[in-house]
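Hi there,

Here is the structure I promised to pass on to you. Have a look at it first, and then read on for what turned up.

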Amino acid sequence: MFQSRYIAGCFLALGSLLKAAGALAGALFVAVQTSDGRPLAGAVLTVHTLDGTGRPATPVNAIMDQVDRAFVPDLLVIPTGSTVEFPNSDSVNHQIYSFSAAKKFQLPLYRGKRYPPVRFDQAGFVTLGCNIHDSMLAYVLVTDAPYFGRTDSAGAWSVELPRGTYRITVWHPRIRESGQLEREISIGDADRTAVSVRLTKSLQPAPLEGRHSWDTY
Amino acid sequence: MRCTIPQAFALAALSFAAPAAHSADWLRAPEWEVDVDARLVNSDGQKSFVNGGLGTLRYDHTQSGLRLGRARFALSEAIGQVWSLHLDASAWADDDRNPLDLTEAYLQFRPYPFAGYRFRLKAGAFYAPISLENRAAGWESPYTLSYSAINTWLAQELRTIGVEGQLDWLGTRTGHGLDVALIGGLFGWNDPDGVVVAQRGFSLSDRQTTLFGRVGSSNSAPMRPLELFHEIDGRPGYYAGLESRYFDRVVVRALHYDNRADPTASDGAIRTFAWQTHFNAVGLRAESAGGWTAILQWLDGQTYFESHDEDLAWPFRARFALLSRQIRHHRLSIRYDSFAVDSRSDEGEGAQRGHAWTAAYVFEPDTHWKLTFEWLRVTSDAPYRVIELGIPRAATETEVQLAVRFALGPLAR
């Protein structure tokens, strides 16, 4: 909690400096709650400009490892044009696949061999699995939004934005709401705009942690 | 022709693998595992089914002490991207036909999913997808040492020696909560299947019959040793099943099995009839984020053969409920089994009623070491004990085991 306030404070301080230069207008604070009112950590927020001024964020080179027959991390949020490396730190082979529309690919990961990173050029959700170990499940959210992030343990996320109108989109692998939750906001000269999103349906069950590496049959 | 199909599959597998071995891109370094499971056993059981008795435990009262529970070697070899070869061999330290023998050997074809669907094919010798308990490598249970009565019977008498196809709809990869699989198997070399449950009833152990082995030792008495994986009548059997998963929390399986044996056929060389065996099996496993696991399995079937115009039948049924809780590296499990075999024969041969309680503690500090302490008590009533052995028909047998297993290799987990 202290950390999120500290980070928000840094954002505000940075925003004040930039606003003095005429670049940023205000701070956006987003809070995401589950249907029973608890904070939802790890929710993905993307912020698109509605007036066509924002550019997608700069591509990155990310890593999604395979450790103890699981993807680590099991969710990546990356700008379009980014690459992801799958190094396979396990002692066994994996066969990564996706048949999601945003990126269809197959990648055998034989232990002890490096494979070139996979490039994600199209915005959308990519669900990853392993053709050998069915319990392995991960997500890559490829976004063309200029601003994005994930909620902290208090279910909060904040960002400094220039003056304008925006569409905020909320997503989490476990939400049952069909499609994504969206809000439209305008950022004016106000210093802070707060948006609260509360899910209407209970979350899907979380993956069982670390107990199924022996699951064979 | 008898007993040649496992050899034929092994040869086919080797001939398939051999040309691939010339290409480093096709054949990778094999993944392997070696396990050694040592036991300290205390049992007051009657003469075990392993030695030709009608006891329901793996170890009887003469076998208390230090035992080798199982020594196992497993190999998994990727052949290209979509084919793989799997071999599982074990030594059980009793008087089987071979000191080391295969429990499973199969080729698997596993293409990548397409548009949310996936097809898999297995060819060789392997377990049909019935047990929800035997989910660890080597078809072992992560919950207890001894399997439930249902799954002990599957380990003793059933192996798919043939092909199995599975069509998966991967809903969890397309934004849904369910995965659904349709499964069909076609097999041979399972005609004596049913003879063990009809003659000796259900038991609870972890002794799996090997592909070229037998149930019972060379000097088994009064029940003689039985060889199971033979083709007698030339008629293939089949099974058809359904599996559904709700995320990784709930699994439901249902399967109908019929070996389609000709009940009038027999094989003099192995001194057995073709036992016509069919059954239905259903099971449910549910797991919680708090480390709880609950398993229910139910099995109901019948085996029969026709000898000299006699219609001899043994309807059988078994069920169990298991509850388990894992806290970090520790797991506590308790299971209740209930089982019954009816007998439509002149002397009531093979009739049995019984139930069992199993409690087990497992400590698994890492992927190499596993320590299990198990207490198992089986109470059974078998009229045939009076006729065949001259002992009381009712028995309560207790077996306590402390097992230490050490596993080595890339597949160890």
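A good place to begin is where the two chains meet: 26 residues of chain A are in contact with 29 residues of chain B. Please keep in mind throughout that this is a predicted model. On the chain A side of that contact, three elements give two or more residues each, namely β8 (94–100), β9 (103–109) and β11 (124–130). The largest share comes from β8(A), with three residues. Sorted by class, the side of chain A that touches chain B has 12 nonpolar and 12 polar residues, along with two charged ones.

Now to chain A itself. Its secondary structure amounts to one helix and 17 strands. Of its 217 residues, 35% are buried. If you take the contacts in chain A with a separation of 6 or more, 63% of them are between residues 24 or more positions apart.

The domain assignment splits chain A into domain 1 (2–56 + 145–198) and domain 2 (61–143). How many residues of each domain are in contact with the other? Eight residues of domain 1 of chain A are in contact with seven residues of domain 2 of chain A. On the domain 1 side, β2 (44–49) and β13 (147–150) of chain A each supply at least two residues. That side of domain 1 of chain A, the one touching domain 2, divides into six nonpolar residues, one polar and one charged.

Turning to chain B, you will find four helices and 18 strands. The radius of gyration of chain B is 21 Å, close to the 22 Å that the globule rule gives for 413 residues, so chain B is as compact as a globular protein of that length. Its C-alpha trace spans about 65 × 50 × 40 Å along the principal axes. Some 49% of the 413 residues of chain B count as buried. Among contacts in chain B between residues at least 6 apart in sequence, 64% join residues at least 24 apart.

One strand of chain B that I would like to point out is β4 (residues 101–109). Seven of the nine residues of β4(B) are buried, so this strand is largely enclosed by the rest of the structure. It has a partner in β3 (residues 83–91) of chain B, to which eight bridges join it in an antiparallel arrangement. In this neighbourhood, B:Asp88 stands opposite B:Glu104 of β4(B). Five bridges also join β4(B) to β5 (residues 117–126) of chain B, and these two strands run antiparallel. Here B:Gln108 has B:Lys122 in β5(B) as its bridge partner.

Last, the nonpolar cores. The largest one has 73 residues, and B:Ala149 and B:Val197 are those with the most contacts inside it. Strand β14 (residues 310–327) of chain B gives the most to this core, with six residues. So what does B:Ala149 touch, leaving aside its neighbours within four places in sequence? Its contacts are B:Phe202, B:Leu204, B:Ala318, B:Phe320, B:Asp337, B:Phe339 and B:Ala356. Apart from the largest core lies another, of 44 residues, which includes A:Phe86, A:Val126, A:Ala145 and A:Ile175.

Happy to talk it over whenever suits you.

Best wishes

Key: Residues numbered from 1 in each chain as written. Chains lettered and ligands numbered in written order. Predicted model: local features only at pLDDT ≥ 70, side-chain atom pairs only at ≥ 80, totals over all residues. Nonpolar A, V, L, I, M, F, W, Y, C, P; charged D, E, K, R; others polar. Core = buried A, V, L, I, M, F, W, Y, C linked by C-beta atoms within 7 Å. Buried ≥ 20, exposed ≤ 12 C-beta atoms within 10 Å, placed from the backbone. Rg over C-alpha atoms; globule rule 2.2 N^0.38 Å. Pairing = 2+ DSSP bridges. Domains from an automatic or database assignment.
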